[in-house]
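Here are some quick notes to go with the model you are about to open. Have a look at the structure first, then read the points alongside it.

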Amino acid sequence: MLDADFFRRWMTATAASVDREADRLTDLDSPIGDADHGSNLQRGFTAVRATLEKEGPGTPGAVLALAGRQLISTVGGASGPLYGTLLRRTGKALGDAAEVSDEQFAEALRTGVEAVRTLGGAAPGDKTMIDALVPAVDALGESFAAARDAARAGAEATTPLQARKGRASYLGERSVGHQDPGAASAALLIAALVEAAGE
Ligand code: ADP
Ligand code: MG
Ligand code: MG
């Protein structure tokens, strides 16, 4: 079973990973965006870490809902409301249970990813974070490690795609040949689950 501490560790591990990879994320956002994805997420997850420490939410759902709200209020870019919605809606789907099963979490994350699709209007293949999140959710029933590998493969598979959503879509065909920064950061978020589980 997964308790509030597990979800806190997930957010802390994501924050650490975003800190380590911020330059790479910003570099990916340079040719097909505005070179701020690493700093956007660094600001956001630093605030998430701080607010979780300060407020100490006691259930899985409350941890994710608070993290999501914090991302929405601290990240100016497109990714803030999108990741914020992902975590908020996943948290909401977990309700107020003190512990949730792997299956309940997988189902809740699927609800969160659907909310991101509704908010941003992106489908798989549009070269966005959705291209990492959808395969991750599909593999989550198997294991966190399988989800991590699926998310990473999904992120890498965005390179040959032409962007149809977000800032990169303004470039049309010139967006081809670059990995989507949001798909790369979504792969980090999913990889942090493996760390949180201590696997
Ligand atoms: P901004 O583009 O406002 O500078 P970021 O650089 O932080 O914001 O985030 C860009 C990432 O957000 C993209 O790489 C993409 O993965 C994701 N993104 C942008 N628009 C959408 C959308 N409509 N649906 C899903 N993801 C999106
Ligand atoms: Mg950007
Ligand atoms: Mg921006």
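**Notes on the fold, core and ligand shell**

1. Start inside, at Leu133. Leaving aside neighbours within four places in sequence, Leu133 is in contact with Val113, Val116 and Ala186. Keep in mind that this is a predicted model.

2. Leu133 also turns up when you look at the largest nonpolar core, which has 59 residues. Along with Ala136, Ala186 and Ala187, Leu133 touches the most other members of that core. Which elements give two or more residues to this core? They are helix H1 (4–28), H2, helix H3 (60–74), H4, helix H5 (102–120), helix H6 (130–139), helix H7 (144–156) and H8. H8 makes the largest contribution, with 11 residues.

3. Now the overall layout. The protein has eight helices and two strands, and along the sequence they run β-α-α-α-α-β-α-α-α-α. Among contacts between residues at least 6 apart in sequence, 63% join residues at least 24 apart.

4. On size: the C-alpha atoms fill a box of roughly 50 × 30 × 30 Å along the principal axes. The radius of gyration is 15 Å, which agrees with the value near 16 Å for a compact globule because the chain has 199 residues. Of those 199 residues, 53% count as buried.

5. For annotation, UniProt has an unreviewed entry that places the feature "domain: DhaL" at residues 5–195. In the model, that span is 69% helix and 1% strand. Its end C-alpha atoms lie 13 Å apart.

6. Then the part you will probably want to click on: ligand 1. Which of the 23 residues around ligand 1 come nearest? Those are Gly77, Gly120, Thr128, Gly166 and Gly182. By class, the shell around ligand 1 has 10 polar, seven nonpolar and six charged residues.

7. As for where that shell comes from, helix H2 (37–55), helix H4 (79–94) and helix H8 (181–196) each supply at least two of its residues. H8 gives the most, with three residues.

8. If you look at one element in detail, I'd pick H8. It provides the largest share of the largest nonpolar core, and it also gives the most residues to the shell around ligand 1. H2 and H4 are worth a look too: each gives two or more residues to the core, and each supplies at least two residues of the ligand 1 shell.

Note on methods:
Residues numbered from 1 in each chain as written. Chains lettered and ligands numbered in written order. Predicted model: local features only at pLDDT ≥ 70, side-chain atom pairs only at ≥ 80, totals over all residues. Near = placed C-beta within 6 Å. Helix = DSSP H or I, 4+ residues; strand = E, 2+ residues; numbered from the N terminus. Nonpolar A, V, L, I, M, F, W, Y, C, P; charged D, E, K, R; others polar. Rg over C-alpha atoms; globule rule 2.2 N^0.38 Å. Buried ≥ 20, exposed ≤ 12 C-beta atoms within 10 Å, placed from the backbone. Contact = placed C-beta atoms within 7 Å. UniProt positions renumbered as here; feature names shortened; annotations may be inferred. Core = buried A, V, L, I, M, F, W, Y, C linked by C-beta atoms within 7 Å.
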